[in-house]
Structure formats: structure tokens, C-alpha cells
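Visitor: Please give me a close look at the surroundings of the ligand, and then carry on along the chain to whatever helps me picture the fold.

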Amino acid sequence: MTLASEMTVGLDRERVRSMIAREAAALDERTKASAEMYERARRSLSGGVASSYQARDPWPIYLTTGEGAVVHDVDGNRMWDFHNGFGSMVQGHAHPAIVRAVRERVALGTHFAATTEDGVIVAEELQRRWGLARWRFVNSGSEATMDAIRIARALTGRETIVKIFGSYHGHHDGVMVSIGVPYEDIGDRENYASLPYGAGIPRAVSDLTIPVPFNDAGAMERRIQRLEREGRRPACVIMEAAMMNLGIVLPEPGYLQEVREITRRHGIVLIFDEVKTGLAIAAGGASERFGVMPDMVTLAKTLGGGLPSGAIGASEEVMRVVEDGSVYQVGTYNGNPLGMAAARASLQEVLTPAAYEHLDALNERIVGGCQAVVECYRLPGYAVGVGAKGCVTFSPQRIVDYETFKAHQDVEITELAWLFNMNRGIFMTPGREEEWTLSVTHTDEAVDAYVRVFEEMAAELVG
Ligand SMILES: Cc1ncc(COP(=O)(O)O)c(C=O)c1O
């Protein structure tokens, strides 16, 4: 990888800023109907959106339809979709198998709060893929991580939990901690601070969550040992096997194995939060891809083919606290028939071994194409990806954790890349932390379009 700063060009910041201004104006011009929708929406929907992560200045982009790898917005712009519902739509939009399953199910009744056979079949298939013995369903990634942590606490009788600094695990109080915070507040690496992410999170709750750096097993074990000395041995370590909200940060060789050994040695439940990785980077998610088996996994996003759903998988021993009734793992919509019908069709007919071969080949093509552009134009950055997911990280140094991300990611180029894409028919996830998600319906044509637009930007940037 050509990352040494002497190998890369220095970027003309004036040019970068003038390109951002030009692209922002062009995007305003082509999204007038979104602007109108925003004016209407914000009178009833707070901020004009259903989730704060959908908000954007000066207005959000409102979508109408999606088919395969393509989406349309309210202005009629047609775009290749690399956003894919924050990484949920690995099946592509309106996949015929999922449309058929949902259509058939909707006429048979959509909700009973009683388990249907589809739910059993989905659990059997997840059991087969992950090799974890017992499963439960929820409706989102946040619910999955919330319940998984509660199960770990019940099993161990402990309250403290450990997470990775900078990782997002959903919007409940216990994990909205030590992410997206100012660099100067994070504290020293051996003793990172537990910082609430946004208002309304009780200090008493955030203090129970202890952040440690990614890709540093030594720092994790030392922090665990200190917690033990303080009588606060953690119930669990919850982490993504590959971080997917700093762009993509892959685990260094051996890191996950070390984490597995540390958690085992200290009797701590290891939870892989596979809300982003699960079903997107391999049939059996990160656990399969990196060959490390946690005690629990959490799934959501890709599971339901666009319907709200999530799952928790664990060993029999861990799920004992659910089965004996000590933990109430509950929810009116858990295992909803419509979501389970979609998940079943997705697992059985869409996310097949051939689908993963296709995703791997496409990702190799887009990562390779982007890396070639980076090298040709000597941009400070690199392309990285795994399975359906990838990104170009604009940074003169390799990002390995939150500290290196905060210190080195080029925020301006990241912003420019998003605007540049949007104006050229590439719908990308907004925000400096995100990555692309491919679907089984993406083709060489789609990923080549992405690389072409990237090259156009690179040429103008250094030209
Ligand atoms: C790793 C991870 N865990 C959990 C969540 C929360 O999922 P949801 O938004 O479905 O609640 C997310 C969402 O992006 C995520 O990336």
C-alpha cells in the first residue's frame, strides 16, 4: 500500500474548497423537490426526517423507489445505490424472491405475537451458519445489542461492560458511549473516558461502559485487569470484529484471536456485534470470515431484506438465562411473520454461496479499481473492503482505531467525495464514518461507474 506521505501529492486546499462549494450548489440545484418535501416535512416530522441519521444540511434527499441496484429520489434522479439502507439491502431493492415471500405472507396475516414456522426455519438456518446453538429475534440492531448485554449481565451477575472506543452499537443508553466525541476529550489510551454520546444519557449508565482501543489486545487486557482490581470485572466485551463506522477498519492479524483468549481467560462474555458484518461479509458473518467464534452475536440490517428485524445468537449455556426465565427477552413484534418470511426467503434463495462469490468478486473489482486510482493520482488514502462492504479512506496513514481516524482522516475530501458522487448518479452513505454496501444485484457496470466517478474527482483534485 502506498501510504508514506512522500509518495502522495499535497492537495490544494483552496481547490478542494471551491470544488465542495461548486458540488454543493449543483446538488441543491438537482434536488429542488427534496427541498420542497423538506419544507413540508419539517412542519410535522422533527427536522423533516424519521431518524436524526437521515438529516442533512441544507435538506435531506427524499427517495421514492428502488429496484435492484438503483434508487430514485423525489426529483427523479436515478442513482446507483451504494448506501443500501445503511448497509441493510445486500439483497438489492425489491428482490423478486423477497417480494414474493412478503406478498404471499401479507395475505395470510401479518402479526400474531405468536411464533410462525418461518421463524423456526430462520433460527435453524442461522444456527447452521454461525454454529451457535440458540437464537432469539428482535426488531433492530439496537434491540439486539441491548438484549445481548442484558443476557451477559444476567449470566455473570456483573454490571460493567467493555466496548471499543468509537464503535456504534445502537441507540440505547449503555452503548451510546465514547463515540463521535471530540478528540481532546477521549483521555489517555490506557484509560479512555466513558463519554455519553449526546444528551439524555444518565452518567450512572455511561459510567458502567468502559471503552478500550481497537486493535490493541494488550490495552484491553490491562484495562480488564485494572477493573478486576477495582472489583468491577466486566460482564462482556461487545465489539465489531471489523469496525464499520470509521469507514472500515479491519482487525490486525491475530487481534481477534487474542481478544477471544483474553475474554475466555477472564470469564467474560465475548459479543460480536454483527449488525453490519453479519450476512454482509460472509454467509456466517465476521465469525466465519475471521475464524473466531464469540459467545454471542447480534444481527439486524441485512437479516430482514429491508423489513425491521434482528437476532441474537448464543451458546446453549449463555441462553440458559433466557430459557430459565431469569432474563425477560421479549417484544411484541419479535419474530414478526412478515419479517421472518422475508428473512427466510433471503437466507434460502438470495444470500446463497453463489451470492457471496459474486459479492467478493465485485468488491475485489471496486476496491482494486479505487486503489488503482489512488495510486495513479498519488492521493493520500487507500481502498479497503471485505465482502459487500468497502470504502476509500482518505488519510495519509492507515487507520487502525479511533485515535488514528480522528487524527488523520481527511474530512474535507470525504465531504467532497459524497457530493461529487451524488451529482453523478452514485448514492452513497453520507457522513465521514460510512462505507459502501454492494448488493447481489450490483454488476460490473455499477461498480465501474463508482470507480469512474472517483477517477474524475481524483483527476480534478490533482490536475
Ligand atoms: C454495528 C452496529 N450495531 C448496532 C446498530 C444499531 O442498529 P439499528 O440502527 O438497527 O438499531 C448499528 C447501526 O448502524 C450498527 O452499525
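**Around the ligand**

Guide: Let's start at K301, where a polar side-chain atom lies 2.9 Å from an oxygen atom of the ligand. This model is predicted, so local features need pLDDT of at least 70 and side-chain atom pairs 80 or more, while totals for chains, interfaces and linings use all residues. Numbering runs from 1 along each chain as its sequence is written, and side-chain values use heavy atoms, without hydrogens or water.

S142 also reaches the ligand through its side chain: an N or O atom there is 2.6 Å from a ligand oxygen atom. G141 takes part through its backbone instead, with a polar atom 2.8 Å from an oxygen atom of the ligand. These are polar contacts (pairs of N or O atoms within 3.5 Å). The full set of residues around the ligand (a heavy atom within 4 Å) is S140, G141, S142, Y168, H169, G170, E240, D273, V275, K276 and K301.

From here, let's move to the helices (DSSP runs of H or I, at least four residues; strands are E, at least two). Take α12, residues 337-350, and α5, residues 117-130: they pack at about 40 degrees, with their axes 8 Å apart. The two helices are therefore oblique to each other (under 35 degrees is roughly parallel, over 145 roughly antiparallel, 65 to 115 roughly perpendicular, the rest oblique). α5 passes α12 in a left-handed crossing (near helix anticlockwise from the far one by less than a right angle; right-handed if clockwise). On the α5 side, D118, G119, I121, V122, E125, L126 and R129 make the contact (heavy atoms within 4.5 Å), and in α12 they meet M340, A341, A343, R344, L347 and Q348. The residues of this contact of α5 with α12 comprise seven nonpolar, two polar and four charged.

α12 also has α4, residues 96-106, as a partner: their axes come within 8 Å and cross at roughly 150 degrees. That angle makes α4 roughly antiparallel to α12, and the crossing of α4 and α12 is right-handed. Here α4 brings A97, I98, R100, A101, V102, R105 and V106, while α12 brings P337, L338, A341, A342, A345, S346, E349 and V350. By class, the residues of the contact of α4 with α12 are eleven nonpolar, one polar and three charged. A341 of α12 appears in the contact with α5 and in the contact with α4.

Further along the chain, α15 (residues 411-422) and α16 (residues 444-462) pack at about 125 degrees, with axes 10 Å apart. That makes α15 oblique to α16, and their crossing is right-handed. I413, L416, A417, F420 and N421 in α15 meet Y450, V453, E456, M457, E460 and L461 in α16. The contact of α15 with α16 divides into eight nonpolar residues, one polar and two charged.

Two backbone details are worth a visit too. The peptide bond from D57 to P58 is cis, with omega near -5 degrees, and P58 is found in the loop between α2 (32-41) and β1 (63-67). F86, in helix α3 (residues 84-87), has phi near 50 degrees, a positive value in a residue other than glycine.

Conventions: Axes fitted to C-alpha atoms, helices over the stretch in contact; angles between N-to-C directions. Nonpolar A, V, L, I, M, F, W, Y, C, P; charged D, E, K, R; others polar. Polar contact = N/O pair within 3.5 Å; in protein donor to acceptor, adjacent residues only side chain to side chain.
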